[in-house]
Amino acid sequence: MTFTLKGPVLEGTLVRLEPLGQHHAGDLAVAAEEDRSAFTFTWVPRAGEVGGYIDAQLERQAAGRLAPYAQVDRASGRAVGVTAYWDPRLWPGGDRLCAVEIGFTWLGGSARGTGVNTESKLLLFGHAFESWGVARVDLKTDARNERSRAALEKVGARFEGVLRSWSPSWAPGEDGLLRDSAMFSVIAEEWPQCRARLVRLLEARGGAEVPGAPPKPGVFLPGRGEPVGG
């Protein structure tokens, strides 16, 4: 059976990753208008553009190239950003998933530095490696985006180099131009170390229950398509 890119709900302590839909539009319109200083190299819709943005993501999903998520803050129940799996690559001559990229990620200003991004990566990496059995997860950003590059390194992704004129630029005034892309990845052999790193980052925040940490009795690990108890 051919692999179909479809992301399930992934539940953490700080964030719940829900398949993106128009019911998230109101919250995302608010998040998109919070501090936009971090969006210099990332296209983030204005409040009035969020509905069209979601429609475009759902069209990509229908084409089988994207599994978009809303990042929902569990404390407030509000969608505070988005992320996605995309660009799935199968093993040559087969129908099993070999690699997938995590991208299309942005967070509203109030959610930055809260652990939401860290836990989202833990959930997305965990599902990709432990449920889909991928060999590799790709990540990339504008080579000029030092903030994004630092964030990727912080969560344990390894810098692989810069591909010149690789991707469309999202920077203001650069419509129709290509950007240099800084390429990062985590491979399957690195996942246990990367997971431990993410867990330590979350534990340092004083979270009561950390996805990926040794579970209490009766608690299932998220990132494996299993519910979270406790």
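**Core packing and charge pairing in a predicted model**

Val100 touches ten residues beyond its close sequence neighbours, namely Leu5, Tyr85, Trp86, Asp87, Pro88, Ala128, Trp132, Arg136, Val137 and Asp138, when residues up to four places away in sequence are not counted. Apart from the core to which Val100 belongs lies another core, of 17 residues. Ala29, Ile54, Val82 and Trp106 are among the members of that other core.

The model is predicted. Its chain holds five helices and eight strands. Along the sequence these elements run β-β-α-α-β-β-β-α-β-α-β-β-α. The chain has 230 residues, of which 45% are buried. Among contacts with a separation of 6 or more, 62% join residues 24 or more positions apart. The exposed area of the chain is about 11,200 Å². Carbon and sulfur atoms supply 54% of that area.

The largest nonpolar core has 36 residues. Within this core, Tyr85, Val100, Phe125, Trp132, Val137 and Leu139 touch the most other members. Strands and helices both contribute. At least two residues of the core come from each of β2 (15-19), β3 (66-73), β4 (79-90), β5 (97-107), α3 (116-131), β6 (136-142), β8 (178-187) and α5 (191-203). Helix α3 supplies the largest share, seven residues.

Asp73 was examined as a buried charge. This residue is placed in strand β3. Asp73 is buried yet has no salt bridge. The nearest side chain of opposite charge is that of Arg78, 5.6 Å away. The separation exceeds the 4 Å limit for a salt bridge, so the Asp73 and Arg78 side chains are not counted as a pair. Asp73 does touch Arg78, and also Leu14 and Val80, with residues up to four places away in sequence not counted.

Elsewhere, charged side chains do pair. The whole structure contains 14 salt bridges. Arg16 forms one with Glu18, and their closest N and O atoms are 2.7 Å apart. Arg16 is partly exposed, at 22% relative accessibility. Glu18 is buried, at 17%. Both residues also belong to a network of salt bridges that links Glu11, Arg16, Glu18 and Arg74.

A salt bridge also joins the side chains of Arg144 and Asp142, at 2.9 Å from N to O. Asp142 is buried, with a relative accessible area of 1%. Arg144 is partly exposed, with a relative accessible area of 39%.

In a further salt bridge, the side chains of Glu190 and Arg158 meet at 3.3 Å, N to O. Glu190 lies in the loop between β8 and α5, and Arg158 in strand β7 (residues 158-168), so the pair ties together parts that are 32 residues apart in sequence. Glu190 is buried, at 17% relative accessibility. Arg158 is exposed, with a relative accessible area of 52%.

Cysteines were considered last. The count of disulfides is zero. Cys98 is buried, with a relative accessible area of 17%. Cys194 is also buried, with a relative accessible area of 4%.

Methods. Residues numbered from 1 in each chain as written. Predicted model: local features only at pLDDT ≥ 70, side-chain atom pairs only at ≥ 80, totals over all residues. Heavy atoms only, no water. Helix = DSSP H or I, 4+ residues; strand = E, 2+ residues; numbered from the N terminus. Buried < 20%, exposed > 50% of the residue type's maximum accessible area, 1.4 Å probe, protein only. Contact = heavy atoms within 4.5 Å. Areas by Shrake-Rupley, 256 points an atom, 1.4 Å probe, with all protein chains shown as cover. Core = buried A, V, L, I, M, F, W, Y, C linked by side-chain atoms within 4.5 Å. Lys, Arg positive; Asp, Glu negative; His and termini not counted. Disulfide = S-S within 2.5 Å.
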